[in-house]
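Work through the exercises below with the sequence and the coordinates side by side. Each task is followed by a solution that goes step by step.

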Amino acid sequence: MNSSVFWLMRVLALFFTLGLLLLSAPAVQAQTALPPGPHKPIKYTRWAYPSQVTYGPIETGGGDTGMAPARGAFLTLPFMGPHYITSIFDHCGPDYSVSGRVCRYDGAVASKSVGGPDPTFDAGYAQTPGGHDYLYYSGHDGYDYGLYYEPVAASAPGRVMLADWLVPGCTTCLSGKTIEINHGNGLLTFYGHLSKILVSRGQYVARGQVIGISGMTGTATGPHLHFGVYHINGGGPVDPYGWSGPGADPWSRDVGNLWLTGSPRYATVQMPSVSVTAATQVDDPNNIDVSWSSPGDMSFTIYVVTRHGTERAWIGHRGNGSATFAGKPGENYWFWVTASSDLGWTDGAGSAVITLSHMSHGAVSA
Ligand SMILES: [Zn+2]
């Protein structure tokens with residue numbers, strides 16, 4: 001065959017391969033954010049996943065609700081980094097009874113009678129008949145975020161009221177491993193389905209402090225964080241977004257938009273971001289100078305990894321620094337450095353591999 005036809009076929013094959021990659025990559029990512037709750041898991045793709053709030057399907061920490069904060073606003077997001085919003089607070093009865101309607105903070109309503117079950121997900125109701133625009137789910141009293149075994153942050157300063165199984169001893173009941181924080185303003189925040197709890201009852205926590213690791217304990221079809229705000233002493237749930245819809249808030253216990261700026265934002269805390277370098281000394285090539293740093297004031301652990309893969313902690317150090325490692329000729333080494341902030345956020349990075357020469361000093365200079 002003629003070479004230009006052959007070339008064209010190769011180009012087409014390349015485009016076909018790239019196309020497959022483009023189609024498959026986001027779907028894999030979306031797979032990690034299955035809608036949670038006491039319903040069966042569903043299959044969906046990123047572009048079909050409906051926005052649960054007005055500014056999109058993903059909470060990026062930069063969304064704009066267009067609403068002003070209430071006077072008592074005190075919340076930041078209970079995590080860092082972009083995550084799917086997989087379920088919203090249902091203003092039409094946030095009491096886990098299925099009413100056939102899901103009502104959002106801005107007045108949007110998805111119902112069984114108008115939109116009907118969503119074609120891709122019959123547990124959520126579509127806003128328009130046949131539309132891929134369901135809201136999820138009827139009776140929900142908080143927000144679900146697609147966290148996958150990730151750090152959960154205190155959404156405001158306060159004192160831990162509960163750090164245990166919600167139902168003592170029951171690993172599959174309700175929200176499983178749960179933390180409640182009393183914020184001293186008549187409200188508590190609630191973090192459910194955790195895999196790990198990192199605080200204890202009575203402890204004071206700071207905004208943005210890592211209090212646990214998300215998971216899927218209790219009743220959950222996949223890993224996610226249930227985040228709720230409740231009146232202390234059994235006064236029931238409130239929607240942190242408040243109500244901006246037409247007419248009166250169908251949920252009379254709300255106390256306004258509780259996000260600090262009026263829109264959900266990450267807590268402003270210094271996150272660790274580790275840099276590490278390793279290089280042999282010019283005048284003694286068996287000595288390796290290792291230096292580590294991160295923005296902020298972090299606690300570091302420096303590990304030495306040998307060519308056999310054994311790793312041992314070498315140095316614990318507060319703050320950026322450097323040290324000299326005396327290696328053996330003919331060996332190779334690299335260095336793994338972890339940093340953690342006082343609020344519990346962590347990061348890690350490795351150096352390049354340093355191979356030391358077999359030759360002795362004399363041999364090098366000879
Ligand atoms: Zn939930």
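The exercises that follow concern a predicted model.

**Exercise 1. Overall make-up**

Task: State how many helices and strands the protein chain has, and what percentage of its residues is buried.

Solution: Begin with the secondary structure of the protein chain, which comes to two helices and 25 strands. Turn next to accessibility, where buried residues make up 47% of the 366 residues in the chain. Finally, consider the contacts with a separation of 6 or more, of which 63% are accounted for by residues 24 or more positions apart.

**Exercise 2. The zinc site**

Task: Identify the protein donors of the zinc ion, give their spacing along the chain, and decide whether His-140 and Asp-144 are buried or exposed.

Solution: The protein donors are His-140 through NE2, Asp-144 through OD and His-226 through ND1, and they lie 2.1 to 2.2 Å from the zinc ion. Read along the chain, these donors follow the spacing H-x3-D-x81-H. For the accessibility step, the cut-off for buried is under 20% relative accessible area. His-140 has 0% relative accessibility and therefore counts as buried, and Asp-144 is buried too, because its relative accessible area is 1%.

**Exercise 3. The surroundings of Gln-52**

Task: Locate Gln-52 relative to the secondary structure, and find which backbone atom its side chain reaches.

Solution: Gln-52 is placed in the loop between α1 (3-31) and β1 (58-59). With 0% relative accessibility, this loop residue counts as buried. The side chain of Gln-52 reaches the backbone nitrogen of Tyr-136, at a distance of 3.0 Å. When neighbours within four places in sequence are left aside, the residues in contact with Gln-52 include Pro-57, Ile-85, Arg-104 and Tyr-134, as well as Tyr-136 itself.

**Exercise 4. Nonpolar cores**

Task: Describe the largest nonpolar core, name the elements that give two or more residues to it, and follow the contacts of Tyr-143.

Solution: The largest nonpolar core has 38 residues, and those with the most contacts inside it are Tyr-143, Tyr-145, Ile-179, Tyr-191, Ile-211, Leu-225 and Phe-227. The elements that give two or more residues to this core are β8 (143-145), β11 (177-182), β12 (187-194) and β16 (225-231). Apart from this core lies another one, of 20 residues, among them Ala-278, Phe-325, Phe-335 and Val-337. Returning to Tyr-143, and leaving aside its neighbours within four places in sequence, one finds contacts that include Leu-225, Phe-227 and also His-226, the last of which is a donor of the zinc ion.

**Exercise 5. Strand pairing**

Task: Work out the strand order of the open three-stranded sheet, find which strands stand at its edges, and then trace the partners of β15.

Solution: The open sheet has the order β18-β19-β22, with antiparallel pairing. β18 (275-280) and β22 (321-326) each have a single partner strand and stand at the edges, so one side of each is left without a neighbour in the sheet. On average, neighbouring strands of this sheet are turned by 20 degrees against each other, direction ignored. Six bridges join β18 to β19 (residues 287-293), and within this pair Ala-278 stands opposite Val-290.

For β15 (residues 210-213), one antiparallel partner is β9 (residues 151-153), joined over three bridges, with Val-152 opposite Gly-212. Strand β13 (residues 196-197) also pairs with β15 in the antiparallel sense, over two bridges, and here Ile-197 stands opposite Gly-212.

Technical notes:
Residues numbered from 1 in each chain as written. Predicted model: local features only at pLDDT ≥ 70, side-chain atom pairs only at ≥ 80, totals over all residues. Heavy atoms only, no water. Donors = N, O, S within 2.8 Å, 3.2 Å for Na, K, Ca; no water. Buried < 20%, exposed > 50% of the residue type's maximum accessible area, 1.4 Å probe, protein only. Pairing = 2+ DSSP bridges. Helix = DSSP H or I, 4+ residues; strand = E, 2+ residues; numbered from the N terminus. Axes fitted to C-alpha atoms, helices over the stretch in contact; angles between N-to-C directions. Polar contact = N/O pair within 3.5 Å; in protein donor to acceptor, adjacent residues only side chain to side chain. Contact = heavy atoms within 4.5 Å. Core = buried A, V, L, I, M, F, W, Y, C linked by side-chain atoms within 4.5 Å.
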